[in-house]
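Q: Please take a close look at one part of this predicted model, namely a nonpolar side chain and its surroundings. A connected account is requested, leading from that residue to the nonpolar groupings elsewhere in the chain.

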Amino acid sequence: ITATEGTDLVGTVGSVDVWPNAINVIPETVEFTLDFRSYDDAVVDAAVEQIREEVAHAAEREGLEYEIEEIMRVDADPFDQNCIDTVVEAAETVGCEYTRLVSGAGHDANYLNKIAPTSMIFVPSVDGISHRESEFTEWDDIVTGTAVLLNAVQAKAAE
C-alpha cells in the first residue's frame, strides 16, 4: 500500500501478538497494529479503507473472523513554512547536510504548532534507531543540530 499511486504515504506494522505463539502451532489469534502517515488525510483515509477491504476479503476467503478497531487518528497539521525555511537557511549557514522530513509522531511541537508558528530539527540516530534504549546520536551530530537551532533562533530574533 505505501508505495502506490505516487503518494507520500508511509506505513508501519508496529506490533504483532500471536496466540498461542508456538513454533509448530497454527495461530488461533493474531493481533497487529498498522500506523499510516501522510501529508494528506485523504491518502490515509484511502489506505485505511483499502486495508479494511483486503482484510475482509482474506477473512471471507479463509472463513475467518476478524475485527478492525481504529485506536487513534491524528490529522495532518503542517508546520509553518516560514519556520521551516528559517531552519533550512540555518542548516545552510552552518554548512551541514539536511533532508526535509515529515513527522507524524506526537512530538510536543505538534501541540505548539496549534498556537504558534513551529518547525522541528532532527539529528540522525546511529543506524536509524530511535525511540528505543539503544538509540544513540553521535556527539558531532548533536553539536551540529544545536548550531542549527541557535542560528535559526538568532535569525527569528533578528526579524
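A: Leu34 has a relative accessibility of 36%, and therefore counts as partly exposed; the bounds for this class are 20% and 50%. The residue is found in strand S2. Together with Val13, Val16, Val30 and Phe32, Leu34 forms a nonpolar patch on the surface. The accessible area of these residues together is about 440 Å². Two elements each give two or more residues to the patch, strand S1 (10–19) and strand S2 (29–37). Strand S2 provides the largest share, with three residues.

In general, nonpolar side chains of soluble globular proteins tend to be buried together. Buried groupings are also present in this model: the largest nonpolar core has seven residues, namely Leu9, Phe36, Val43, Val44, Ala47, Val48 and Ile51. The greatest contribution to this core, five residues, comes from helix H1, which spans residues 41–62. Within the core, Val44 may serve as an example. When neighbours within four places in sequence are left aside, Val44 is in contact with the core residues Leu9 and Phe36, and also with Arg37, Ser38 and Arg73.

A second core, separate from the one just described, has six residues, among them Val87, Ala90, Val148 and Ala152.

As to the wider arrangement, the domain assignment gives domain 1 as 9–62 and domain 2 as 81–158. The C-alpha centres of domain 1 and domain 2 are 32 Å apart.

Technical notes. Residues numbered from 1 in each chain as written. Predicted model: local features only at pLDDT ≥ 70, side-chain atom pairs only at ≥ 80, totals over all residues. Heavy atoms only, no water. Domains from an automatic or database assignment. Core = buried A, V, L, I, M, F, W, Y, C linked by side-chain atoms within 4.5 Å. Buried < 20%, exposed > 50% of the residue type's maximum accessible area, 1.4 Å probe, protein only. Helix = DSSP H or I, 4+ residues; strand = E, 2+ residues; numbered from the N terminus. Contact = heavy atoms within 4.5 Å. Patch = residues over 30% accessible without salt bridge, like charges linked within 9 Å, V, L, I, M, F, W, Y side chains within 5 Å. Areas by Shrake-Rupley, 256 points an atom, 1.4 Å probe, with all protein chains shown as cover. Salt bridge = Lys/Arg side-chain N within 4 Å of Asp/Glu carboxyl O.
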